[in-house]
Amino acid sequence: MSSKQQLIDQVIQAWHALQQKTPLIQCMTNSVANNYVANILLAAGASPAMIDNPYEAEEFTKISAALSINVGTPTTEQTQAMLISAQTAQQHQIPWVLDPVGYGPILKWRSETVDQLLQYHPTIIRGNASEISALAGNHVQSKGVDSTLNSQDVYEQARRLLQHTDCVAISGVSDYIISKQFDMVIQVNGGCHLQPKITATGCALGALTAAYSAVASPAIAALASHLHFAIAGKLAYDQAQTVGSFNIMFLDYLHMLDDNLIHQYYSIDCL
């Protein structure tokens, strides 16, 4: 079992690698999120490309360092591209992240697409508590695509998903990371209550997780991305307490994060 300090040292190594390599991340995300996700990745040190049609998917996935798939507002062509890219990523050992937005019995078509995507073994599955619980086979009463569950109540259920993936990350007031790499649950504390008030923060977190997966193991990638968000959220709120100003400061601190800020402000627990 790794100590907290060993984990943070690995996170810092991942952050440095992200800055040095500027990995190309193919993003298949929802129509609400495209611009925001791209800006988040650029601020954090990655290079986004929003390639999500079936005629370009396979060839572009092959040259990407990682793939992020978010099923927030799926179209027929986009879901075709997602399946092509997920299969290509698996065939070429390219890490990829699945964000099963809205998974559950209400949105059956997208949920069936997610079930198909699981056969291509996503490197990391990232979602809110309701999505992860439903994906793990539980009956969940959701509120659209928003979570109605506490992430703390779900992480034991999420262990079932490790048959499909190397790592599961559950976002919420605190985030929880379960993986094949570590025999513990990692709890990430911090962030800010204003983050859910901004469109596409969860979508962007999934994409940043993909970016880190290009330079680190799945568990460290998930930990690094969630810490990156948590620290930036905390520091942004120290400077700005209203949603619009906070959003700007959040982007700034995602860009300004460095190893000193990680050392100073990280807050994790190993359960």
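**Helix contacts and the sheet**

In this predicted model, helix 4 and helix 5 touch through two sets of residues: Thr76, Thr79, Met82, Leu83 and Ala86 of helix 4 meet Trp109, Thr113, Gln116 and Leu117 of helix 5. Sorted by class, this contact holds five nonpolar and four polar residues, and no charged ones. Helix 5 also packs on an open sheet of nine strands.

**How the two helices are arranged**

- Two packed helices are described by the angle between their axes and by the distance between those axes.
- The axes of helix 4 (residues 76–91) and helix 5 come within 10 Å and cross at roughly 15°.
- Angles under 35 degrees count as roughly parallel, and helix 4 and helix 5 are therefore roughly parallel to each other.
- The crossing of helix 4 and helix 5 is right-handed.

**The sheet**

- The nine strands follow the order 2-1-3-4-5-6-7-8-9, and their pairing is mixed.
- Strand 2 (47–49) and strand 9 (268–270) each have a single partner strand, so they stand at the edges, and one side of each has no neighbour in the sheet.
- On average, neighbouring strands of this sheet are turned by 20° against each other, direction ignored.

**One strand pair**

- Strand 6 (residues 167–171) pairs with strand 7 (residues 175–179) in the antiparallel sense, over four bridges.
- Ile170 stands opposite Tyr176 of strand 7.

**Helix 5 on the sheet**

- Helix 5 (residues 108–118) touches strand 3 (66–70), strand 4 (96–99) and strand 5 (124–128).
- The direction of helix 5 makes about 155° with that of strand 4.

Note on methods:
Residues are numbered from 1 along each chain as its sequence is written. This is a predicted model: local features need pLDDT of at least 70, side-chain atom pairs count only at pLDDT 80 or more; totals for chains, interfaces and linings use all residues. Side-chain values use heavy atoms; hydrogens and water are left out. Two strands pair if DSSP finds at least two bridges between them. Axes are lines fitted to C-alpha atoms, for helices over the stretch in contact, and angles run from 0 to 180 degrees between N-to-C directions. Contact means heavy atoms within 4.5 Å. Angles under 35 degrees count as roughly parallel, over 145 as roughly antiparallel, 65 to 115 as roughly perpendicular and the rest as oblique. A crossing is left-handed if the near helix is turned anticlockwise from the far one by less than a right angle, and right-handed if clockwise. Ala, Val, Leu, Ile, Met, Phe, Trp, Tyr, Cys and Pro count as nonpolar, Asp, Glu, Lys and Arg as charged, and the others, Gly among them, as polar.
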